[in-house]
Amino acid sequence: MTGETGGFTSRGGWWVLAQVPVMLVALVAPLAWGAGSFDAANALQIAGAVLTGLGSLLAIAGLASLGSALTPFPRPLATARLRQSGVYAWVRHPIYGGVILASLGWSMAWLSLPGILFVVIVVLFFDRKSAFEERLLRARFPEYAGYARRVRKLLPWIY
């Protein structure tokens, strides 16, 4: 991608690599250790499906809002500007928050206790990855500190 500076490590490449197995387990564990079928009469499974959809929409809105500033790396592109409107007015890391909500919903939809327990790992991972990213954002954008005081970190209205 254009506008990226620095090497793999300085751009946060290890976070990107570590994210792959975290997201893979969050996807596969509920299928491997879940109900095996979806029962449309089961309220927990329906709630899980809705939560999966909402999380997916949150992540997609975050991706779309970044536009040409989108990068898989935590370090923002040299040409990026700080997003504070749209979905970024509700939550500072909508992509990570969306993945968390979708992971929880996916595990609920498949009635997977191991999947739900793994969501704790997903939350911890994205909390730490976002903390790394926020150090970079604070260094790059002087207005980030005020933005961080006003807007939740990962989950709108919650955290």
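Arg128 is partly exposed, with a relative accessible area of 45% (buried denotes under 20% relative accessible area, exposed over 50%, and partly exposed the range in between, with a 1.4 Å probe and protein chains only). The model is a predicted one, in which local features need pLDDT of at least 70 and side-chain atom pairs count only at pLDDT 80 or more, while totals for chains, interfaces and linings use all residues. Residues are numbered from 1 along each chain as its sequence is written, and side-chain values use heavy atoms, with hydrogens and water left out.

Arg128 forms a salt bridge with Asp127, with an N to O distance of 3.0 Å (a salt bridge is a side-chain nitrogen of Lys or Arg within 4 Å of a carboxyl oxygen of Asp or Glu). Asp127 is buried, at a relative accessible area of 12%. A salt bridge also joins Asp127 to Lys153, again with 3.0 Å from N to O. Because Lys153 lies in the segment after α5 and Asp127 in helix α4, this pair ties together parts that are 26 residues apart in sequence (helices are DSSP runs of H or I with at least four residues, strands are runs of E with at least two, and both are numbered from the N terminus). Lys153 counts as buried, with 11% relative accessibility. Asp127, Arg128 and Lys153 are thus linked in a network of salt bridges.

Across the whole structure, three salt bridges are found. One of them pairs Arg92 with Glu134, whose closest N and O atoms are 2.7 Å apart. Arg92 is placed in the loop between α2 and α3 and Glu134 in helix α4, so the pair connects parts separated by 42 residues in sequence. Arg92 and Glu134 are both buried. In general, side chains of opposite charge can pair when their charged atoms come close.

The largest pocket has a volume of about 590 Å³. Its lining comprises 34 residues, of which Leu66, Thr71, Tyr88, Ile95 and Glu133 are the closest to the centre. For this analysis, a 1 Å grid was laid over the protein atoms alone; a pocket is an open set of points with protein on both sides within 12 Å along at least five of seven lines, whereas a cavity is a set of points where a 1.4 Å probe fits but cannot get out, and lining residues have an atom within 4 Å of a point. Grid points are joined across faces, edges and corners, and the volume is the space filled by probe spheres set on the points. At least two lining residues come from each of α1 (13-32), α2, α3 (94-109), α4 (113-140) and α5 (144-150). By class, the lining contains 25 nonpolar, three polar and six charged residues (Ala, Val, Leu, Ile, Met, Phe, Trp, Tyr, Cys and Pro count as nonpolar, Asp, Glu, Lys and Arg as charged, and the others, Gly among them, as polar).

On the surface, Phe38, Ile46, Val50, Leu54 and Leu57 make a nonpolar patch of about 460 Å². Patches consist of residues with over 30% relative accessible area and no salt bridge, with like charges joined within 9 Å and nonpolar side chains (Val, Leu, Ile, Met, Phe, Trp, Tyr) within 5 Å; accessible areas come from the Shrake-Rupley method with a 1.4 Å probe, and for residues only the protein chains shown count as cover. Within this patch, Leu54 belongs to helix α2 (residues 43-66) and is partly exposed, at a relative accessible area of 49%.

Several pairs distant in sequence are brought together in space. Phe118, in helix α4, is buried at 19% relative accessibility; the C-alpha atoms of Phe118 and Ala26 are 6.8 Å apart, although 92 residues separate the two in sequence. Leu27 of helix α1 is partly exposed, with a relative accessible area of 44%, and its C-alpha atom is separated by 7.1 Å from that of Ser103, 76 residues apart along the chain. Gly34, in the loop between α1 and α2, is partly exposed at 30%; a C-alpha separation of 8.9 Å is found between Gly34 and Met108, 74 residues apart along the chain. Tyr159 is located in the segment after α5, and 8.5 Å separates the C-alpha atoms of Tyr159 and Val91, which are 68 residues apart along the chain.

With respect to backbone geometry, Leu111 has a phi near 50°, a positive value in a residue other than glycine. Most residues other than glycine have a negative phi. Leu111 lies in the loop between α3 and α4 and is partly exposed, at 33% relative accessibility.
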